Amino acid sequence: MITLQGLTHVYPGHRKTPPHAAVRDLSLHVPAGEFCVLTGPNGSGKSTLFRILCGTLTPSAGRVEIAGADLFRQPDAARRALGVVFQSPAVDKQLSVRENLRLHATLYGLGRGTLAARLGEALEWSDLEGRLDQRVDTLSGGLARQVELAKCLLTRPRLLLLDEPTTGLDPASRMRFLKALHTLQRQRDMTVLMTSHIFAEAEAADRVAVMMGGHLLALDSPGALRDRVGREMLVVEAEAPDHLHAALAESLGRVVTRHGDELRLEGLGRGDGLALLEQVLAEHRDAVRSVAIRRPDLEDVFVHITGRDPGDAAGPAAEAAEVPS
Amino acid sequence: MIRIVGALAGREIIRFLRQPNRVAGSIGQPLLFWLFLGSGFSPTFDAPGLEGVTYMQYFLPGVLMMLMLFASIFSSITIIEDRDQGFLQGVLVAPVPRVAIVLGKVGGGAALAVGQSLILLVAAPFVGLVPGWGGLALILGAFVLSALGFTTLGFAVAWGMRSTSGFHAVMMVFLMPLWLLSGALFPVATAPGWLYALMIVNPVTHALRLVRLPFHMTPGELAADPAYLAALAVTAAWLAVCLGLSVWRVRRVETGVAPHRAPA
Ligand SMILES: Nc1ncnc2c1ncn2[C@@H]1O[C@H](COP(=O)(O)OP(=O)(O)OP(=O)(O)O)[C@@H](O)[C@H]1O
Ligand SMILES: [Mg+2]
């Protein structure tokens, strides 16, 4: 459904800012009917990639094919297949919910009858029922976001692009939206590409892509990505992490990674964690505050792949994202 | 296409009507301008070719032009916020002809300007400006043409601008002078040579003529008046150029620079 080949985008610089390569030689194929979640640190080029896919930004180099049409040669064919939810709000705040939906339907050539028939499916997951005639600027931030999402479901796109669609939604409506999205996606065989910083959202995806510094670092199913970090991992919290870090590495003969104040032994096979835990306690009981065996989740994978850990803002990722001139 | 233009224009009108302050301001401001400036200047005012016309009468078409200019600025300024971070993002990725986006925005803005002008026109008989029915039709036509001219001009300027403060700057050094040098405040004919030249190449001067002359001449006289016909041609050309420019700007997509600086 989406094929990207050698996609590169360099934002032109200005007097004070040098040109910035936001997407670098990226190739990606998302087959029809797939639910793909794109994640990556802030500024890794996700929104830039989205703007290219929407046709509002022409890349420096590379090819984009959407629904079999070359995006740059037949933009209209690609646009018809597309539904987009932007990172920043694109509803008119001074119009009511119903007026917004009606206007959107008109832009996509839907008649009044079709609009009425589809209103239900676009809204059933939301909290907007009974608020259709309220102006959007009188809705809460999360409810306004729901209007945005309802709007894009209305046109039954074959390919849905969502840039952090659930920011500002409470956990309950986020879950309801995702459930509705997954259901609609399966029913209509819709392709979904969604960016998200919420890893729980990625767990349900068919594949997860991780971007950093404009590169695609990984693209795999959530399960396969987890396996990169191993089946199990041991997380040790220390009184003096520096000291224990060295001691553990020496006594266990394994790679110990440090994430903030946590020490991690990653890449363990199933059942290996317990033996290792006993060994850690036997040899370093006094230096250990707590120790746990965890099944890695996607957050751990993200940290593992991007080398970025939450406690250390200037990790290797920050350097990798610079553009060498 | 027509439905899309209508829907986008309708949005402009609904938004306007939902802001009572804007409605009051857009009529009130030119009205006050006209009353204060018009009464302040000498009532015995003799423009060449317009003998016996009072300044209140002379200034009314100028005030109408100012109203249109401001209406166009208000309608264009929203483009800047809407395009990168707002409503227009969604319109731009919709499968709609780019011309429809321009016509919708501009049509809505111009309809508002014409509506406001018609309200202000009610004041004309009170200062003794009473055009005939034919003249009235010509004035209405002039309203439509110049309102479209101003809104497309605003559109072409605002599209591609990143900040509203930049737009304010352009407005002050470019759009306001267009109005000041249009014969709105003082006649073109009596201006010194260099100013005369500036005024005569200013398209707003010609749009203003289209509005002013039907108050003082019959349609028959106008049809034979070369100045009026020239004004019609210039205004139409102005509109066509700005419309073309607007569509061209909307069609243009921001492009990345050559990747020679990208890392290996
Ligand atoms: N219009 C622009 N001009 C110049 N540089 C830009 C522009 N837009 C984005 N960038 C730069 O391109 C890089 C990628 O930005 P982008 O918005 O694609 O990141 P992102 O992955 O969406 O981040 P986030 O998670 O914060 O939304 C950033 O370094 C950003 O500063
Ligand atoms: Mg982003």
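Helices (H or I, at least four residues) and strands (E, at least two) are DSSP runs, numbered from the N terminus. The structure is a predicted model, in which local features need pLDDT of at least 70, side-chain atom pairs count only at pLDDT 80 or more, and totals for chains, interfaces and linings use all residues. Residues are numbered from 1 along each chain as its sequence is written, chains are lettered from A and ligands numbered from 1 in the order in which they are written, and side-chain values use heavy atoms, with hydrogens and water left out.

**Exercise 1. Determine which helix of chain B gives the most to the lining of the second largest pocket, and characterise that lining.**

Step 1. On a 1 Å grid over the protein atoms alone, a pocket is an open set of points with protein on both sides within 12 Å along at least five of seven lines, while a cavity is a set of points where a 1.4 Å probe fits but cannot get out; lining residues have an atom within 4 Å of a point. Grid points are joined across faces, edges and corners, and a volume is the space filled by probe spheres set on the points.

Step 2. The second largest pocket has a volume of about 330 Å³. It is lined by 17 residues, with Pro48(B), Leu50(B), Arg209(B), Arg212(B) and Leu213(B) closest to its centre.

Step 3. Helix H9 (residues 203-216) of chain B makes the greatest contribution, with five residues.

Step 4. For the classes, Ala, Val, Leu, Ile, Met, Phe, Trp, Tyr, Cys and Pro count as nonpolar, Asp, Glu, Lys and Arg as charged, and the others, Gly among them, as polar. The lining then divides into 10 nonpolar, four polar and three charged residues.

**Exercise 2. Describe the lining of the largest pocket.**

Step 1. The volume of the largest pocket is about 1300 Å³.

Step 2. Its lining comprises 40 residues, and those nearest the centre are Arg51(A), Thr56(A), Arg83(B), Asp84(B) and Glu254(B).

Step 3. Elements of chain A that supply at least two lining residues each include H1 (46-54), and those of chain B include H3 (55-85). H1(A) gives the most, with five residues.

Step 4. By class, 16 of the lining residues are nonpolar, 12 polar and 12 charged.

**Exercise 3. Identify the residues that coordinate the magnesium ion (ligand 2), and classify their exposure.**

Step 1. Donors are N, O and S atoms within 2.8 Å of the metal (3.2 Å for Na, K and Ca); water is not among the atoms, so sites may look incomplete.

Step 2. Ser47(A), through OG, and Gln87(A), through OE1, coordinate the ion at 1.9 to 2.3 Å. The pair links distant parts of the chain, 40 residues apart: Ser47(A) lies in helix H1 of chain A, and Gln87(A) in the loop between S7 and helix H3 (97-107) of chain A.

Step 3. Buried means under 20% relative accessible area, exposed over 50%, and partly exposed in between (1.4 Å probe, protein chains only). Ser47(A) counts as partly exposed because its relative accessibility is 25%. Gln87(A), at 39%, is therefore also partly exposed.

**Exercise 4. State how many cavities of 30 Å³ or more there are, and locate the largest.**

Step 1. The count comes to five cavities of 30 Å³ or more.

Step 2. The largest cavity has a volume of about 80 Å³. Its lining has 13 residues, with Val84(A), Phe86(A), His104(A), Lys151(A) and Gly90(B) nearest its centre.

Step 3. S7 and helix H5 (141-154) of chain A, together with H4 of chain B, give two or more residues to this lining.
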